[in-house]
Amino acid sequence: MRGPVTSGPEVNLQDMFAQSTAVITQPSVATFERYEKRGSIQSAFIYVMVAAVVSALIAALFSFFHSDVTFFGQLFSRLITIPVQFLIFTGAVYLIGGSLFKGTGTYAEVAYTFALFFVPLSIIGTIIGIIPILGWLVSFLISLVMIYFGYLAVQSSMNLREQVPAIATLVLAGIANFAVGAVLGGLFLVGRIASGG
């Protein structure tokens, strides 16, 4: 039977950084299992907002070096899109893993587990991403690392130990995330055109 969408205990940022360090330096399903019940949905999203704020500030500050973006455009787009994309992706992992592959995790476990690696890796990616040429290469490598950690996180948080269901959940969640993002982007573009922006 699938677990309900419940919330866990509250943890502070210092605890989450320590848990992230453990997850990144000792990547395994067992390491994720150790921490998946220690946080809540609220903890996960507070932690993701840290990544969103860092990304938004860096992108906004570096907007002055690019003529095609604005300070506030970069600031607000990152503050909104990063948590929304995280919500969509982790929601898709939870729904797909539970309904298609009979995973038994809760949404709190999925969100918290994914936040533990997503936040530090996205912050590193944002900081290094500002370096010309090196930035795109590092971003690509970080994307590959995130896929690996995502695979481990799906196995842990949704209790899908077999490779095929875990990989399929991750791939289908990625497709769902892309599709929802494309629809939202299209709606935003239509709204902008309709308003004359």
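Which residues does UniProt list for the feature "domain: Yip1"? The unreviewed UniProt entry places this feature at residues 22-180. Good morning. The structure I am presenting is a predicted model, and I shall begin with that span. Over residues 22-180 the chain is 80% helix and 0% strand. The C-alpha atoms at the two ends of the span are 32 Å apart.

The same kind of record also concerns the membrane. Under "transmembrane region", the unreviewed UniProt entry lists residues 44-65, 71-97, 109-130, 136-154 and 166-190. Let us take two of these and ask what the model shows there. Residues 71-97 are 100% helix and 0% strand, with end C-alpha atoms 39 Å apart. Residues 109-130 are 95% helix and 0% strand, and here the end C-alpha atoms lie 32 Å apart.

I turn now to the interior. The largest nonpolar core contains 46 residues, and the members that touch the most others are F86, V93, F114 and F117. Which elements give two or more residues to this core? They are α1 (13-25), α2 (29-35), α3 (41-62), α4 (71-99), α5 (107-129), α6 (134-157) and α7 (163-194). The largest share comes from α5, which supplies twelve residues.

Please find V93 in the structure, as it is one of those core members with the most partners. Setting aside neighbours within four places in sequence, V93 is in contact with G98, V110, F114, V154, M158, T169 and A173. F114, in that list, is itself among the four core residues I named a moment ago.

Next, the empty space. Rolling a probe the size of a water molecule over the atoms shows where such space is left. The largest pocket holds about 1500 Å³. Its lining consists of 47 residues, and those nearest the centre are S55, R78, T81, I82 and Q85. The elements giving two or more residues to this lining are α3, α4, α5, α6 and α7, and α4 gives the most, with 15 residues. By class, the lining has 24 nonpolar, 20 polar and three charged residues.

How many cavities of 30 Å³ or more does a search of the whole structure find? The search finds one, and the volume of the largest cavity is about 30 Å³. A51, V54, S55, I82, S122, I123 and T126 line this cavity, with α3 and α5 each supplying at least two of the lining residues. Four of the lining residues are nonpolar, three are polar and none is charged. S55 and I82 appear in this lining, and both were also named among the residues nearest the centre of the largest pocket.

Finally, some individual residues. Most residues other than glycine have a negative phi. K102, in the loop between α4 and α5, has a positive phi of about 60° although it is not a glycine. N159 is not a glycine either, and has a positive phi of about 55°; its place is in the loop between α6 and α7.

Are these two loop residues buried, partly exposed or exposed? K102 counts as exposed because its relative accessibility is 64%, which is over the 50% cut-off. N159 counts as partly exposed because its relative accessibility is 32%, between the limits of 20% and 50%.

My last residue is V164, in helix α7. V164 is exposed, with a relative accessible area of 64%. V164 and L141 are 23 residues apart in sequence, and their C-alpha atoms are 23 Å apart in space. Thank you for your attention.

Definitions and conventions
Residues numbered from 1 in each chain as written. Predicted model: local features only at pLDDT ≥ 70, side-chain atom pairs only at ≥ 80, totals over all residues. Heavy atoms only, no water. Core = buried A, V, L, I, M, F, W, Y, C linked by side-chain atoms within 4.5 Å. Buried < 20%, exposed > 50% of the residue type's maximum accessible area, 1.4 Å probe, protein only. Helix = DSSP H or I, 4+ residues; strand = E, 2+ residues; numbered from the N terminus. Contact = heavy atoms within 4.5 Å. UniProt positions renumbered as here; feature names shortened; annotations may be inferred. 1 Å grid on protein atoms, 1.4 Å probe; cavity = no way out; pocket = protein on both sides within 12 Å on 5 of 7 lines; lining within 4 Å. Points joined across faces, edges and corners; volume = space filled by probe spheres on them. Nonpolar A, V, L, I, M, F, W, Y, C, P; charged D, E, K, R; others polar.
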